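Here is a friendly walk through one protein model, meant to be read with the structure open beside you. Let us begin with a term that will help later on.

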Amino acid sequence: MASATTMAVSFRLPHSPFSPTPSRLTSTSVRLAPFNKANSLKLSSSQTISGFNSVLPHKLSAVTPSPNSPRSLTIVAAKGYKMKTHKASAKRFRVTGRGKIVRRGAGKQHLLYKKNNKRKLRLSKMHPVCKSDYDNVIKALPYLKVNRNAK
């Protein structure tokens, strides 16, 4: 069931001291897209706007819809919620070119005088995240482009 709605809106603009001609009645026709229930999205919220009060300026004297058009216009918006990135995790994990998650080795922050150079070099390298921790990292970083098959 698809239908298209046409709405005509006419309004009178107030006389401006800068314009040499008096105000005229202007008419505008708006054609709304056909609504197809089978192809429509499942949306979480809708809002009804009546009389276009929030859209048009307050100085307009008359807003008259044509007799065939509906009196209120319903605007339906897809309202999805953004997932938040855990910023501390974003600073600690990176993704390789193949989509694997890597981290830095622990123990390279302080007390470095008693660690030999070989150990410090080993701790500086990036290490792959353990497969059992993948779900926790992906949950903390929802927009990370990870190859989930590379687990």
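A nonpolar core here is a set of buried Ala, Val, Leu, Ile, Met, Phe, Trp, Tyr and Cys residues joined through side-chain atoms within 4.5 Å. Buried means under 20% relative accessible area. Please keep in mind that this is a predicted model.

**The chain as a whole**

The protein chain holds three helices and ten strands. Following the sequence, you meet them in the pattern β-β-β-β-β-β-β-α-β-β-α-β-α. The chain has 151 residues, and 16% of them count as buried. Its accessible surface comes to about 12,700 Å², with 56% belonging to carbon and sulfur atoms. If you take the contacts between residues at least 6 apart in sequence, 60% of them join residues at least 24 apart.

**A sheet of three strands**

Now turn to the open sheet with the order β8-β9-β10, where the pairing is antiparallel. Strands β8 (93-95) and β10 (126-128) stand at the edges with a single partner strand each, so one side of each has no neighbour in the sheet. From one strand to the next, the twist averages 40°. As a reminder, strands of a sheet pair through backbone hydrogen bonds, either parallel or antiparallel.

β8 and β9 (residues 101-104) run antiparallel and are joined by three bridges. The hairpin of β8 and β9 has five residues between the strands, and glycine 99 takes a positive phi near 95° there. On the other side of the pairing scheme, β9 and β10 are also antiparallel, over three bridges. Some of the facing residues are gathered here:

| Residue | Opposite residue | Strand of the opposite residue |
|---|---|---|
| Valine 95 | Isoleucine 101 | β9 |
| Arginine 94 | Valine 102 | β9 |
| Arginine 104 | Methionine 126 | β10 |

**The nonpolar core**

Which residues make up the largest nonpolar core? There are nine: Phe93, Ile101, Val129, Tyr134, Val137, Ile138, Ala140, Leu141 and Val146. Helix α3 (residues 134-140) gives the most to this core, contributing four residues. The background idea is a familiar one: in soluble globular proteins, nonpolar side chains tend to be buried together.

Alanine 140, one of the core residues, also has partners elsewhere in the sequence. Leaving aside neighbours within four places in sequence, alanine 140 is in contact with Lys84, Thr85, His86 and Ser89.

**Two residues of helix α1**

Serine 89 lies in helix α1 (residues 87-92), and alanine 90 is found in helix α1 too. Is serine 89 buried or exposed? Serine 89 has a relative accessible area of 12%, and the cut-off for buried is under 20%, so serine 89 counts as buried. Apart from neighbours within four places in sequence, serine 89 is in contact with Ala140 and Leu141.

Alanine 90 has a relative accessible area of 27%, which means that alanine 90 is partly exposed. Partly exposed is the range between under 20% and over 50%. Not counting residues up to four places away in sequence, alanine 90 touches Thr85 and Leu141. The C-alpha atoms of alanine 90 and leucine 144 are separated by 8.8 Å, while the two residues are 54 apart along the chain.

How values were computed: Residues numbered from 1 in each chain as written. Predicted model: local features only at pLDDT ≥ 70, side-chain atom pairs only at ≥ 80, totals over all residues. Heavy atoms only, no water. Helix = DSSP H or I, 4+ residues; strand = E, 2+ residues; numbered from the N terminus. Buried < 20%, exposed > 50% of the residue type's maximum accessible area, 1.4 Å probe, protein only. Contact = heavy atoms within 4.5 Å. Areas by Shrake-Rupley, 256 points an atom, 1.4 Å probe, with all protein chains shown as cover. Pairing = 2+ DSSP bridges. Axes fitted to C-alpha atoms, helices over the stretch in contact; angles between N-to-C directions.
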